[in-house]
Amino acid sequence: MSSSTASAFRLPSPFPCSPGVSRRRRGGAVSVRCGIGDFIGGDLLKPDLGRWLDDVEKHKALAIYSPHEGGYEGRYLNRLRYQGYYFLDMTARGLGDPETMLTKIYPVCPVCLSTTLPLEAHVGKQPIARWYFPPEVDFRLAMLPPNAKGLVLWIIEAKVLSKAELQFLALLPSLRPKVRVIAECGNWRKFIWKPLKEISGLVPLVE
């Protein structure tokens with residue numbers, strides 16, 4: 001593949017370059033410059049926690065990208081917990097329609113499972129049942145203690161959600177003012193975040 005053809009497949013990345021790391025080729029050699037975080041450890045040096053809290057209150061819905069090795073999310077989660085937030089952790093896989101499940105009474109069809117017999121086809125011989133559950137967000141909001149600052153809806157594996165579903169999550173704090181949304185939309189070399197409205201396409205992406 002020629003260089004012109006390869007460059008046609010390069011897409012602009014919404015992620016910033018990692019500070020303190022650069023690669024320059026000098027006569028065939030590659031030099032790498034490291035920052036202080038590479039020696040101290042990413043979990044011990046967190047100068048952006050203040051900006052994290054400010055952005056949560058400003059944008060109310062964030063898309064986060066954490067390193068593959070994991071563990072960094074807990075530092076930022078705990079900082080919100082110290083501020084008085086309560087958490088609702090959910091996975092995007094099997095979420096269904098977010099608007100219905102989070103803000104409306106939604107039906108669930110129970111499946112009869114047996115530990116001794118294999119699961120057989122329905123073939124119209126079993127009664128069709130339907131259970132109704134309260135909206136997840138509204139139910140948790142009603143149970144918050146009086147001194148709670150709000151509810152953080154933390155969505156893991158949000159990268160599997162469609163653009164329309166991400167847009168609803170970005171608008172959810174407008175419908176429920178005490179709700180903040182954090183969506184894990186992927187991975188990156190360091191822990192970064194972007195407003196969910198930018199990632200979902202509601203507003204232009206700011207570099």
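**Exercises on the core and strand E8**

In this predicted model, the largest nonpolar core holds 30 residues, and Leu153, Ile155, Leu169 and Leu196 touch the most other members.

**Exercise 1.** Determine which elements each supply at least two residues of this core, and which gives the most.

*Solution.* Start with the strands: E3, E4 (85–91), E7 and E8 each supply at least two residues. Then take the helices: H5 (98–103) and H7 also supply at least two each. H7 gives the most, with five residues.

**Exercise 2.** List the residues in contact with Leu169, leaving aside its neighbours within four places in sequence.

*Solution.* Contact is taken as heavy atoms within 4.5 Å. By that cut-off, Leu169 is in contact with Ala61, Leu102, Leu153, Ile155, Leu161, Val181 and Leu196. Another core, of 17 residues, lies apart from the one described above; among its residues are Leu49, Tyr76, Val152 and Trp193.

**Exercise 3.** Place strand E8 (residues 179–187) among its pairing strands, and state how far E8 is covered.

*Solution.* Step one: E3 (residues 61–66) pairs with E8 in the parallel sense over six bridges. Within this pairing, Tyr65 has Gly186 as its bridge partner.

Step two: E7 (residues 150–156) also pairs with E8 in the parallel sense, over five bridges. Here Val181 in E8 stands opposite Leu153. To get from E7 to E8, the chain passes through helix H7 (residues 163–175), in a right-handed β-α-β crossover.

Step three: count as buried any residue under 20% relative accessible area. Eight of the nine residues of E8 are buried, so the strand is mostly covered.

Methods:
Residues are numbered from 1 along each chain as its sequence is written. This is a predicted model: local features need pLDDT of at least 70, side-chain atom pairs count only at pLDDT 80 or more; totals for chains, interfaces and linings use all residues. Side-chain values use heavy atoms; hydrogens and water are left out. Buried means under 20% relative accessible area, exposed over 50%, partly exposed in between (1.4 Å probe, protein chains only). Helices (H or I, at least four residues) and strands (E, at least two) are DSSP runs, numbered from the N terminus. Two strands pair if DSSP finds at least two bridges between them. A crossover is right-handed if, with the strands pointing away from the viewer, the path from the first strand over the helix to the second runs clockwise. A nonpolar core is a set of buried Ala, Val, Leu, Ile, Met, Phe, Trp, Tyr and Cys residues joined through side-chain atoms within 4.5 Å.
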